[in-house]
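Visitor: I'm new to this one. Can you walk me through it?
Guide: Sure. Here it is.

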Amino acid sequence: AEQSTDYAHEAYTILKFGFTIAPIVAGLDKFFNLLVDWTQYLTPLVPRWTGIDPSSFMMAVGVIEIIAGIVVAVKPKFGAWVVAAWLWGIIVNLLLVPGFYDIALRDLGLSFGALALTRLAQREE
């Protein structure tokens, strides 16, 4: 017998899992810097404009990323938009830091995945 597979549901599940876990892991690591020293990716303009030192700023970023991952888990249709918008903010920041254009391009690709999740979530929620 031929098995029916809902590929859209499978894609939704994969993207929901990824956009839940990745922001939470990246957000938690802003407190430990085990993966990388995250402050290297922050444009010097941010501390200059905000008066917040880079390490503290990145910890605040981490909190927002953890929350974004949780929102994707609970309400993916909305949370995926939050993640996409957040990635666009990261891209703007990275374009202001010479040498990280490759990461900006990667984050653009990730934002497309988040947008795809918003569309697939229309069917699921």
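Guide: Start with one pair of helices. The crossing of α3 and α4 is left-handed, meaning that the near helix is turned anticlockwise from the far one by less than a right angle. Helices here are DSSP runs of H or I with at least four residues, strands are runs of E with at least two, and both are numbered from the N terminus.

Visitor: What sort of model is this?
Guide: It is a predicted model, where local features need pLDDT of at least 70, side-chain atom pairs count only at pLDDT 80 or more, and totals for chains, interfaces and linings use all residues. Residues are numbered from 1 along each chain as its sequence is written, and side-chain values use heavy atoms, with hydrogens and water left out.

Visitor: Back to that pair. At what angle do the axes of α3 and α4 cross?
Guide: Roughly 150 degrees, and the axes come within 6 Å. Helix α3 covers residues 54-74 and helix α4 residues 76-95. Axes are lines fitted to C-alpha atoms, for helices over the stretch in contact, with angles from 0 to 180 degrees between N-to-C directions. So α3 is roughly antiparallel to α4, a label for angles over 145 degrees.

Visitor: Which residues of α3 and α4 meet?
Guide: On the α3 side, they include V61, I64, A68 and V72. On the α4 side, F78, V82, W86 and I90 are among them. Contact means heavy atoms within 4.5 Å.

Visitor: And what about α4 and α5: how do their axes cross?
Guide: At roughly 165 degrees, coming within 8 Å. Helix α5 spans residues 101-124. That makes α4 roughly antiparallel to α5. This crossing is left-handed.

Visitor: Zooming out, how many helices and strands are in the chain?
Guide: Five helices and zero strands. The C-alpha atoms fill a box of roughly 65 × 25 × 25 Å along the principal axes.

Visitor: How much of the chain is buried?
Guide: 34% of its 125 residues. Buried means under 20% relative accessible area, exposed over 50%, and partly exposed in between, using a 1.4 Å probe and protein chains only.

Visitor: Where does N33 lie?
Guide: In the loop between α1 (7-29) and α2 (45-50). N33 has a positive phi of about 50 degrees, although it is not a glycine.

Visitor: Is N33 buried or partly exposed?
Guide: Partly exposed, with a relative accessible area of 33%.

How values were computed
Angles under 35 degrees count as roughly parallel, over 145 as roughly antiparallel, 65 to 115 as roughly perpendicular and the rest as oblique.
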